[in-house]
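Thanks for making the time this morning. I would like to go through one structure with you, beginning with a single chain and then moving to the contact and a few individual residues.

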Amino acid sequence: MSGMPSESYSRRLAFLEGIDLEPSDREAIVAEFEDFDRVLAELEAFSEGVPWLAQQAQPPGPDAQHGS
Amino acid sequence: MHSMALDLCEKSLAELSRLIAGRKVSSSEAIEAALARLEQLEGKLNAFITVLAEEALEAARRADDEIAAGRYRGPLHGVPVSIKDMFEMAGVRTTGGSKILTNWRPETDSALVERIRASGAIILGKTNLDEFGHGGTSTLSHFGPVHNPWDLERIAGGSSGGSAAAVAVGIGPLSYGTETGSSVRRPASYCGIFGFKPTFGIISRHGSFRGAWSMDHVGVFARSVEDAAVGLDAVAGFDPRDPASVRQGPAEYAVHLSGDIAGLRIGVMRGFLEGAEAAVCAAFEGALETLAGLGAEIRELDVPDLTYAAMTSMMTSTAEGAANNLQWLRERAGDFQPQVRRRLASGLAITASEYLTVQRARHRIREAVREAFEQVDLLVSPTTNRTAPLISAGPRGNGDETFRVGHSQANLLRLPSMLGLPACSTPCGVDPRGLPVGLQLVGRSFADQTVLDFAYAYQSATDWHTRRPPLLEGARVGPRAGSSQ
């Protein structure tokens with residue numbers, strides 16, 4: 001891991017405000033963030049075009065009944 | 001008495017159950033034998049956090065009285081079992097392997113404990129684990145690491161390592177654990193026993209600590225498929241208190257076990273053995289030959305989308321684990337194991353939109369696997385890419401490549417829990433050091449019986465699951481450890 005955290009890492013570290021961490025924790029966590037950024041870029045490309053799942057209730061019979 | 005006690009620890013659950021039901025052996029004798037074995041080996045294994053010796057002996061006396069009065073409850077009545085210290089047990093210290101809950105005593109039983117008590121089984125104690133299930137080694141425990149019975153310098157695997165180690169050395173023929181990533185199958189593989197994780201929702205998680213809501217399962221450890229199936233039958237079933245619980249008829253996996261797998265189709269993805277040790281690959285090929293000899297049809301497959309499975313699983317469990325532990329992270333961060341604290345804290349920084357991206361990836365993988373199961377009935381692979389690493393190798397000693405797109409075996413290891421598929425690990429060989437190798441079998445959702453049947457057929461044709469750790473050689477009566485049939 002090199003130097004000061006990037007803007008991405010700083011943004012992510014802000015989510016950890018209020019969590020009591022050791023200096024060594026922050027180093028290890030920023031290394032995790034490097035993995036996250038890389039992985040999420042891969043997964044964004046992989047999931048492109050895949051719709052978000054939503055629960056959809058289905059009518060009890062074979063066909064939907066429409067009101068008159 | 002000493003020989004009898006040692007022999008009872010070598011009995012399968014089925015054999016022990018018959019002896020207790022027929023009153024040829026008392027539950028008290030079975031519990032005493034298990035406790036004697038525990039006392040003999042626990043100092044080397046560190047498999048237990050809490051041992052319930054007095055409670056177990058008292059429960060055994062009650063079981064003996066009930067059986068003598070004709071009130072026999074079933075195959076687990078009077079049989080010693082253990083449970084991972086993830087499950088609440090009324091009045092009994094329940095720690096999750098964490099300093100945070102060192103002295104917490106729940107007021108109520110988890111669903112698992114309720115059902116174990118109803119079956120008449122006797123709980124010997126709470127087994128050791130990675131803190132709240134967050135690990136793959138069973139070294140990340142406030143109570144020290146679990147040691148592998150096959151080589152005490154090596155890990156038992158995690159996070160249910162204590163349960164696996166206990167069963168491997170006969171401290172009870174059955175134990176219950178949990179799995180979110182691989183925490184039943186990996187320790188079963190490393191400890192040379194059978195571990196089964198059913199379809200998501202088959203066993204209630206009510207009253208157990210949460211790792212990741214959408215991937216947590218309860219699983220079973222035993223030395224044989226038959227024993228695990230009996231253990232599964234006792235605790236499976238709908239529970240409205242667990243929102244993931246599945247409505248199903250009575251669990252009858254044991255009575256329906258069949259070794260007839262002729263004509264069933266096995267999918268093999270050799271491309272995903274990247275980085276696997278030579279001995280693991282060799283044992284796997286031997287297992288495939290055995291399954292083919294039993295009439296199963298072997299089909300070579302590739303499912304390229306699975307190259308994203310491990311990272312998708314890890315990101316999901318990291319985000320959900322962080323959410324589950326938010327309060328403790330805010331109030332007791334310093335009391336976590338450092339590696340667990342870092343992983344959970346990092347999960348807080350995964351945004352909602354990023355989590356949704358990960359779930360869309362998960363959906364794409366689910367569809368790819370569903371299509372694969374149109375061609376095959378089972379997916380088969382080694383359980384892990386290596387045998388048990390040294391404890392000194394640290395938490396990353398498992399060598400899983402979880403944050404890289406590629407054909408690493410970690411993708412197949414983490415797949416079943418991510419998609420809620422039934423899966424097991426059964427012993428299929430040993431490496432040159434004598435360490436066990438595991439064979440992983442994965443089925444479609446709700447094809448739990450098929451997975452069990454395949455494993456049962458395999459065990460009927462092999463003896464890997466009958467081998468015992470050399471640690472027992474000084475304690476055993478009967479055939480030498482490691483001997484073939």
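How much area does chain A expose, and what percentage of it do carbon and sulfur atoms supply? The exposed area of chain A is about 5000 Å², with carbon and sulfur atoms supplying 51% of it, where accessible areas come from the Shrake-Rupley method with a 1.4 Å probe and, for residues, only the protein chains shown count as cover. Before going on, I should say that this is a predicted model, in which local features need pLDDT of at least 70 and side-chain atom pairs count only at pLDDT 80 or more, while totals for chains, interfaces and linings use all residues. Residues are numbered from 1 along each chain as its sequence is written, chains are lettered from A and ligands numbered from 1 in the order in which they are written, and side-chain values use heavy atoms, with hydrogens and water left out.

Chain A has 2 helices and 0 strands, helices (H or I, at least four residues) and strands (E, at least two) being DSSP runs numbered from the N terminus. Of its 68 residues, 28% count as buried, meaning under 20% relative accessible area, as against exposed at over 50% and partly exposed in between, with a 1.4 Å probe and protein chains only.

Now to the interface. Contact, defined as heavy atoms within 4.5 Å, involves 31 residues from chain A and 33 residues from chain B. The area buried between the two chains (accessible area, 1.4 Å probe, that two parts lose on being put together, summed over both) is about 2800 Å², and carbon and sulfur atoms give 71% of that. Arg342(B), Arg360(B) and Phe403(B) together supply 22% of the area that chain B buries against chain A, more than any other three residues.

The rule finds 5 salt bridges across this interface, each a side-chain nitrogen of Lys or Arg within 4 Å of a carboxyl oxygen of Asp or Glu. Arg342(B) appears again here, with its side chain meeting that of Asp25(A) in a salt bridge at 2.8 Å, N to O. On the side of chain B that touches chain A, the elements giving two or more residues are helices H10 (309-324), H11 (326-332), H12 (338-347) and H13 (352-372) of chain B, and H13(B) gives the largest share, 11 residues.

What covers the buried residues of H12(B)? The cover includes helix H2 (23-46) of chain A together with H10 and H11 of chain B, and the buried residues themselves are Val340(B), Arg341(B), Leu344(B), Ala345(B), Ser346(B) and Gly347(B).

Away from that helix, I would point you to Lys126(B), which lies in strand S3 (residues 122-127) of chain B and counts as buried because its relative accessibility is 0%. Its side chain makes a polar contact with the side chain of Thr94(B) at 2.9 Å, the term meaning a pair of N or O atoms within 3.5 Å, where within protein one must be able to donate a hydrogen and the other to accept it, and residues adjacent in sequence count only if both atoms are side-chain atoms. The side chain of Lys126(B) also reaches the backbone oxygen of Phe87(B), at 3.1 Å.

Finally, some backbone geometry to check. The peptide bond from Gly158(B) to Ser159(B) is cis, with omega near 10°. Arg23(B), not a glycine, has a positive phi of about 60°, and Ser138(B) has a positive phi near 60°. Arg23(B) counts as exposed because its relative accessible area is 56%, whereas Ser138(B), at 0% relative accessibility, counts as buried.
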